[in-house]
Amino acid sequence: MPIKFIHAADLHIDSPLTGLDRYEGAPVEELRNSTRAAFQNLIGLAIEERVAFVLLAGDVFDGDWRDFRTGLFFVSELQKLNDADIPVFIVHGNHDSEGGMTKRLPLPNNVHVFSSRTAETRRLEDKGVAIHGRSFPERHVPEDLVPDYPAPIDGHFNIGILHTSLTGRPGHAEYAPTSEQTLTEKGYDYWALGHVHAREVVSESPRIVFPGNIQGRHARETGAKGCDLVTVKEDGTVISEPVELDVVRWHRTTLDLTGIDDDVGLKEAVIGCLEALAIQGQDRLLAVRIILIGQSRLNEKEAQTPGVLSATVQAASFEVSAGQVWVEKVINQLSPIIDREHEARRDDAVGELVRLVDDIKSDPDTLKQFMNDQMKECLAVLPSDLRDLEVLLGERGLEGLLTDAEATILASLSAGGTRP
């Protein structure tokens with residue numbers, strides 16, 4: 001008979017979502033409970049699909065528990081799989097390594113956690129499956145663990161479960177580095193990887209997969225999140241499909257406001273954009289970061305009354321009827337409606353400003369030096385590890401800050417009658 005199993009990773013149960021309280025109207029409880037709800041969806045899927053087993057490829061937890069409630073929740077959910085006679089196989093990763101966790105609870109009899117001392121094999125003889133794995137002994141594992149994994153067992157479908165950065169992935173620190181070639185040469189039929197939070201099929205033969213995390217936790221972890229539901233046919237063919245488990249979905253969307261110059265147009269554009277996202281998200285809470293781009297006179301309005309665009313977008317989001325939507329942040333990247341070449345030829349304050357800004361923007365080093373010079377007094381009062389202006393500004397960046405300053409000054413000059 002075909003074998004069906006679930007491959008999941010990076011659950012980060014009860015991951016602390018800091019800073020939410022500073023957002024007015026943020027759905028704090030839904031966000032903080034999202035990792036638990038996603039894990040409950042995983043448990044429900046396993047029971048509904050009657051899978052043969054479940055693989056959890058590291059970072060089940062985000063770190064040491066604050067108290068035992070996190071562990072009790074995890075054990076209670078695993079007990080549901082025990083009652084359904086579904087075994088679970090776990091390796092610990094960098095976040096929940098043996099050396100990084102001071103609290104543990106006994107797990108149900110259906111759960112096997114692979115040793116952190118050496119790689120080992122668990123056989124499911126009735127299904128012809130051999131599962132090989134090793135947990136992280138400490139948070140930092142700089143060496144390749146794969147060479148020490150056992151040889152594949154003849155006559156079995158061999159699965160390797162491993163928490164790894166492979167050869168490196170953007171946004172992810174290097175842990176247990178290895179290569180696709182090393183994994184392939186091991187001779188296993190399937191590699192169940194963890195650590196990378198974006199789903200990635202590294203190889204089809206053998207099947208090597210990062211399923212991604214089961215729930216996005218912040219604005220950089222956008223899109224659908226879940227696990228892989230894998231079916232192994234009698235001839236060894238592997239069929240795998242991603243299954244969505246997330247209850248909160250993070251989005252980053254760009255809204256072009258070119259030609260929209262008033263609040264009514266902005267409101268209509270925002271509602272249309274969010275309605276479309278909400279329909280796609282079905283019943284999930286949507287956490288949306290909106291980037292405003294294009295040329296619009298709304299940029300002058302923002303310069304005159306900072307914060308008005310964000311407030312207008314937030315207000316418009318309350319009228320979205322297709323689902324629950326929370327606008328996490330509004331980033332203004334609008335450009336003023338000016339002919340820069342024409343304005344730069346003016347022999348007045350406007351021309352001088354435009355020429356200065358264009359000159360500063362023309363060279364990244366000049367831009368960085370200028371902005372640091374202007375902000376040095378503010379940066380000096382911050383702790384030393386927070387004095388990197390580019391890090392503080394985030395995706396708006398140095399050029400964005402300069403553009404905002406230019407827009408504010410142009411708006412002031414316009415109000416004073418300097419501009420025609």
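**Figure 1. Confidence along the chain of this predicted model.** The mean pLDDT of the chain is 88, and 94% of the residues reach 70 or more. Confidence is highest in strand 2 (residues 53–57), with a mean of 98. The lowest value belongs to helix 11 (residues 389–393), where the mean is 65. Where pLDDT is low, the predicted coordinates should not be read in detail.

**Figure 2. The six-stranded open sheet.** The strands follow the order 4-3-2-1-11-12, and their pairing is mixed. Strand 4 (111–113) and strand 12 (238–244) stand at the edges; each has a single partner strand, so one side of each lacks a neighbour in the sheet. On average, neighbouring strands are turned by 20° against each other, direction ignored. Strand 11 (residues 226–232) pairs with strand 12 in the antiparallel sense, over seven bridges. Within this pair, Thr231 has Ile239 of strand 12 as its bridge partner.

**Figure 3. Helix 2 and helix 3 against the sheet.** Helix 2 (residues 34–49) packs on the sheet and touches strand 1 (3–8), strand 2, strand 11 and strand 12. The direction of helix 2 makes about 175° with that of strand 1. Helix 3 (residues 69–83) also packs on the sheet, touching strand 2, strand 3 (88–91) and strand 4. Between the directions of helix 3 and strand 3 the angle is about 145°.

**Figure 4. Asp10 and His12 in the loop between strand 1 and helix 1 (28–32).** Asp10 has a positive phi of about 55°, although Asp10 is not a glycine. His12, likewise not a glycine, has a positive phi of about 50°. Most residues other than glycine have a negative phi. Asp10 counts as buried because its relative accessibility is 0%, and the limit for buried is under 20%. His12 is buried as well, with a relative accessible area of 1%.

**Figure 5. Surroundings of Thr178.** Thr178 lies in the loop between strand 7 (157–163) and helix 4 (180–185). The relative accessible area of Thr178 is 6%, so this residue is buried. Leaving aside residues up to four places away in sequence, Thr178 touches Asp144, Val146, Leu162, Thr164, Leu166, Thr167 and Leu183.

**Figure 6. The hairpin of strand 9 and strand 10, with a cis peptide bond.** Strand 9 (residues 200–203) and strand 10 (residues 207–210) run antiparallel and are joined by three bridges. Three residues lie between the two strands of this hairpin. Ser203 stands opposite Ile208 in strand 10. Pro206 is in the loop between strand 9 and strand 10. The peptide bond from Ser205 to Pro206 is cis, with omega near -5°. Most peptide bonds are trans.

**Figure 7. Helix 9 (residues 349–361) and its start.** Helix 9 has 13 residues, and at 1.5 Å a residue these should span 18 Å. The C-alpha atoms at the two ends are 18 Å apart, which agrees with the expected span. At the start of helix 9, a side-chain oxygen of Asp348 comes to within 3.2 Å of the backbone nitrogen of Val350. Val350 is also one of the buried residues of helix 9. The others are Gly351, Leu353, Val354, Val357 and Ile360.

Definitions and conventions: Residues are numbered from 1 along each chain as its sequence is written. This is a predicted model: local features need pLDDT of at least 70, side-chain atom pairs count only at pLDDT 80 or more; totals for chains, interfaces and linings use all residues. Side-chain values use heavy atoms; hydrogens and water are left out. Helices (H or I, at least four residues) and strands (E, at least two) are DSSP runs, numbered from the N terminus. The expected span of a helix is 1.5 Å times one less than its number of residues. Buried means under 20% relative accessible area, exposed over 50%, partly exposed in between (1.4 Å probe, protein chains only). A polar contact is a pair of N or O atoms within 3.5 Å; within protein, one must be able to donate a hydrogen and the other to accept it, and residues adjacent in sequence count only if both atoms are side-chain atoms. pLDDT is the predictor's confidence in each residue, from 0 to 100. Contact means heavy atoms within 4.5 Å. Two strands pair if DSSP finds at least two bridges between them. Axes are lines fitted to C-alpha atoms, for helices over the stretch in contact, and angles run from 0 to 180 degrees between N-to-C directions.
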